[in-house]
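Visitor: Could you walk me through this one while I have it open in the viewer? I'd like to start with how the helices pack.

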Amino acid sequence: MITKNTFQVKEGTYFTFPTTYKYDVFYNDTMFYEKQKELNILPIKFKFMFNGLTLFYKIVNNLVCISLPSYISVAEAGHMRYTRSTAPVIEGHDTSLYCCSIVPNCDSFRNSFFHRTMTLWNALPACVRQEDQISVFKSKLTAFFWSADTSWPD
């Protein structure tokens, strides 16, 4: 049982238990983020996204025995309006975008693995999506997550 006498409050936001540990370090959010980046440990939110996108990469490149569902297919130029974001697909430079033939009308489908991950996949830069080797894909994906404009912490 923890009582008021068993811990000390420091500066109103940090606390520690009175111990004899060798490393008593207190991090604020910015310091914690910098330490994660230094150790190349993605925050939990991005780690889940990283694992999902890695599996999607393996599925798309036939590295696992899971196949894409029939309602997800490669985006075709004939079904798109010409915009700056769709120009690479229409001009044939980007063949790694996927589209869903079913419009999600409930959260359970919208949050399903394939639809959720396909949306994340399409948000990646083409240079990351079109990588041939999985090790290079993972390193580019990690670099993309660290360079992305995010709000920290999770």
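Visitor: Which residues of α2 meet α7?

Guide: In this predicted model, the α2 side of that contact is made by F46, M49, F50, L53, T54, Y57 and K58, and they meet I134, F137, K138, L141, T142 and F145 in α7. Sorted by class, the residues of this contact divide into nine nonpolar, two polar and two charged.

Visitor: And at what angle do the axes of α2 and α7 cross?

Guide: The axes of α2, which spans residues 44-60, and α7, which spans residues 134-147, cross at roughly 150 degrees and come within 11 Å. Angles over 145 degrees count as roughly antiparallel, and α2 and α7 are therefore roughly antiparallel to each other. The crossing in which α2 passes α7 is right-handed.

Visitor: Ok, zooming in on F50, is that buried or exposed?

Guide: F50, a residue of helix α2, is buried, with a relative accessible area of 9%. Once its neighbours within four places in sequence are set aside, F50 is in contact with L42, K138, L141, T142 and F145.

Visitor: What about T54, what does that touch?

Guide: T54, also found in helix α2, touches I134, F137, K138 and L141 when residues up to four places away in sequence are not counted. T54 is buried as well, its relative accessible area being 5%.

Visitor: L141 keeps coming up, so how accessible is L141?

Guide: L141, which sits in helix α7, has 0% relative accessibility and counts as buried. Leaving out neighbours within four places in sequence, its contacts are F50, L53, T54, L124 and V128. The C-alpha atoms of L141 and T54 are separated by 8.8 Å, although the two residues are 87 residues apart along the chain.

Visitor: Switching partners, how do α2 and α5 cross?

Guide: The axes of α2 and α5 come within 10 Å and cross at roughly 95 degrees, and an angle from 65 to 115 degrees counts as roughly perpendicular. The two helices, α2 and α5, are therefore roughly perpendicular to each other.

Visitor: Which side chains are involved there, or rather, which residues of α2 and α5 meet?

Guide: From α2 there are M49, G52, L53, L55, F56, Y57 and I59, and these meet F113, F114, T117, M118, L120 and W121 in α5. By class, this contact has eleven nonpolar and two polar residues, with no charged residues.

Visitor: Which residues of α5 are buried?

Guide: Within helix α5, residues 113-123, the buried ones are F114, H115, T117, M118 and W121. Their cover includes α2 and α7, together with β3 (72-74), β4 (98-100), α4 (107-110) and α6 (126-129).

Visitor: How far are F50 and T54 from α5 residues, say T117 and W121?

Guide: Going C-alpha to C-alpha, F50 and T117 are 9.9 Å apart in space while being 67 residues apart in sequence. For T54 and W121 the separation in space is 9.7 Å, C-alpha to C-alpha, and in sequence it is 67 residues.

Visitor: Now the backbone. What is phi of N40, and where is N40?

Guide: N40 has a phi near 60 degrees, which is a positive value in a residue other than glycine, and N40 is placed in the loop between α1 (29-39) and α2. Its relative accessibility is 49%, and N40 counts as partly exposed.

Visitor: Why flag that at all?

Guide: A positive value is worth a remark because most residues other than glycine have a negative phi. N62 is another case here, with a positive phi of about 55 degrees although N62 is not a glycine. N62 lies in the loop between α2 and β3 and is exposed, with a relative accessible area of 65%.

Visitor: Last bit, the overall picture. How many helices and strands, and in what order do they run?

Guide: The protein has seven helices and four strands, and from the N terminus on the elements run β-β-α-α-β-α-β-α-α-α-α. Buried residues make up 26% of the 154 residues, and the accessible surface comes to about 10900 Å², with 57% of that belonging to carbon and sulfur atoms. Among contacts between residues at least 6 apart in sequence, 56% join residues at least 24 apart.

Definitions and conventions
Residues are numbered from 1 along each chain as its sequence is written. This is a predicted model: local features need pLDDT of at least 70, side-chain atom pairs count only at pLDDT 80 or more; totals for chains, interfaces and linings use all residues. Side-chain values use heavy atoms; hydrogens and water are left out. Axes are lines fitted to C-alpha atoms, for helices over the stretch in contact, and angles run from 0 to 180 degrees between N-to-C directions. Angles under 35 degrees count as roughly parallel, over 145 as roughly antiparallel, 65 to 115 as roughly perpendicular and the rest as oblique. A crossing is left-handed if the near helix is turned anticlockwise from the far one by less than a right angle, and right-handed if clockwise. Contact means heavy atoms within 4.5 Å. Ala, Val, Leu, Ile, Met, Phe, Trp, Tyr, Cys and Pro count as nonpolar, Asp, Glu, Lys and Arg as charged, and the others, Gly among them, as polar. Buried means under 20% relative accessible area, exposed over 50%, partly exposed in between (1.4 Å probe, protein chains only). Accessible areas come from the Shrake-Rupley method with a 1.4 Å probe; for residues, only the protein chains shown count as cover.
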